[in-house]
There are 2 protein chains.
Amino acid sequence: MTATTDQDAALRIASGRKPFVEPLRLGDRLREIRLANQWTLEDVSQRTGLARSTLSKIENDQISPTFTAVQKLIGGLDIDLPQLLSPPRQKARTMGRRDLTRRGQGQQHPTPTYEHELLSCELAQKRMIPFKTIVRARSFEEFSEWVRHDGEEFLMVLDGEILLYTEFYEPLRLESGDSIYFDSDMGHALVSVSHEDAVVLSVCTTAENA
Amino acid sequence: MTATTDQDAALRIASGRKPFVEPLRLGDRLREIRLANQWTLEDVSQRTGLARSTLSKIENDQISPTFTAVQKLIGGLDIDLPQLLSPPRQKARTMGRRDLTRRGQGQQHPTPTYEHELLSCELAQKRMIPFKTIVRARSFEEFSEWVRHDGEEFLMVLDGEILLYTEFYEPLRLESGDSIYFDSDMGHALVSVSHEDAVVLSVCTTAENA
DNA sequence: GGTGTGCGTTCACTATAGGAAACCTGTTTC
DNA sequence: GAAACAGGTTTCCTATAGTGAACGCACACC
């Protein structure tokens, strides 16, 4: 098993899968936007080039608009697609979730090179994955290949000292308190260089963005 | 000026703005995904319930799929809509950016209650905003109102001890090494309770998700 | 070189989305 | 209170999206 798949697996477990069956009441949403702006069907018709009747039918879920129609909508109303589809999420989100992890109480995920401790893993559907890692690797050769995954990663050294190898840059020496932000689809790998194994805190973005 | 606007301003400065104009070649994109997965039209047909012929026409831009068809597509291929529309972003992103911040070298943003140090602020267009904060506040009354902002926040106590006040929960005592993840549109506020002012590392999501 | 098989495109037909105008409300105006 | 009006729904037609079957093409296999 490669370093990449190890890490990937850990991330997948941590992020939780998206059930998400698309309830998607497009009509309601459109009406909502229209009324919020105090627009009549005629107004929207002018803006989008779609007939008044068509708009009425879309709002009442009597037809399923063509994709070109949807484009006219988002163009004419000057909104973006996610906005047209995502009022439920905003609503669902307003109740404040939270997930506490006491020191050392995260979920352990050991690999040959890293010992990950996943934080806040009670919570599914989150946009970031935080984890604390003890860097066991002592040389770059211990990695069979680059670690890489979609998205972005932020990393701060909590203890010890590391070398950060990246695909496109010279290795970088980071000491306790130093931090770095990078595109994590660029290959990367950490190696401890201090006497004790270094400890770093990482936060990755998830694919939840949508 | 309230605590809320202080924080908001800081976040806005740190995140950078998105232009984004929507070119949109749906057919090409679908074919791309299909071939990337080594699927035949028949495979996709099975997965989505759409006829082979229909899929062919969509790929060749001979028809504009109905919205229900698009839903079947994203459902059957297990992708989400943005993914179907946004190959350009992925491509543009593949060049690995990075942004190093040495200990104490972040951008300072003092407020009456917090002293923020923005990390990785060279980089615009990022999906997370990391910052280190010294919590000066010593009582909840020092906040004129709840701090709140869209998105999610991860927080780890680096030094000292804090009370985390949140809108919907009892105050929570966090010590060095403890961490918490929460919806940041829920009102929240930190107060130091240790002898010295506590230091926390926070990471917020940005609105870049779309 | 026939013939079978798999994959994409095209054809002919049916189902449905989009548009123009008629049709319903309430509301306002004189 | 009739008439004019404004905003939304329904009707009816036509343009087009969606389907199954037929077709074309390449690459096997013998």
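Let's start at the DNA: of the atoms of DNA strand C within 4 Å of the protein, 56% are part of sugar or phosphate, and the rest belong to bases. Keep in mind as you look around that this is a predicted model.

On the protein side, 24 residues surround strand C, and the closest are A:Lys57, A:Ile63, A:Thr66, B:Leu41 and B:Ser56. By class, this surface near the strand divides into 12 polar, 6 charged and 6 nonpolar residues. Chain B offers several side chains to the phosphates of DNA strand C: polar side-chain atoms of B:Arg31 and B:Gln62 each lie 3.4 Å from a phosphate oxygen, while for B:Asn60 the distance from a side-chain N or O atom is 3.5 Å. The elements giving two or more residues to the surface near DNA strand C are helix H4 (52-59) of chain A, and helix H2 (26-36) and helix H4 (52-59) of chain B.

Now turn to where the two protein chains meet. Here 66 residues of chain A are in contact with 65 residues of chain B. The area buried between them is about 5600 Å², with carbon and sulfur atoms giving 58% of it. On the chain A side, A:Phe67, A:Arg98 and A:Tyr181 lose the most area to chain B, together 15% of what that side buries.

Polar links cross this interface too: there are 28 residue pairs in polar contact and 6 salt bridges. One salt bridge joins A:Glu152 to B:Arg97, whose closest N and O atoms are 3.2 Å apart.

Finally, follow the backbone across the chains. S1(A) pairs with strand S8 (residues 179-183) of chain B in the antiparallel sense over 4 bridges, and A:Arg98 stands opposite B:Phe182 in S8(B).

Note on methods: Residues numbered from 1 in each chain as written. Chains lettered and ligands numbered in written order. Predicted model: local features only at pLDDT ≥ 70, side-chain atom pairs only at ≥ 80, totals over all residues. Heavy atoms only, no water. Near = heavy atom within 4 Å. Polar contact = N/O pair within 3.5 Å; in protein donor to acceptor, adjacent residues only side chain to side chain. Nonpolar A, V, L, I, M, F, W, Y, C, P; charged D, E, K, R; others polar. Contact = heavy atoms within 4.5 Å. Buried area = accessible area lost by both parts, 1.4 Å probe. Salt bridge = Lys/Arg side-chain N within 4 Å of Asp/Glu carboxyl O. Pairing = 2+ DSSP bridges.
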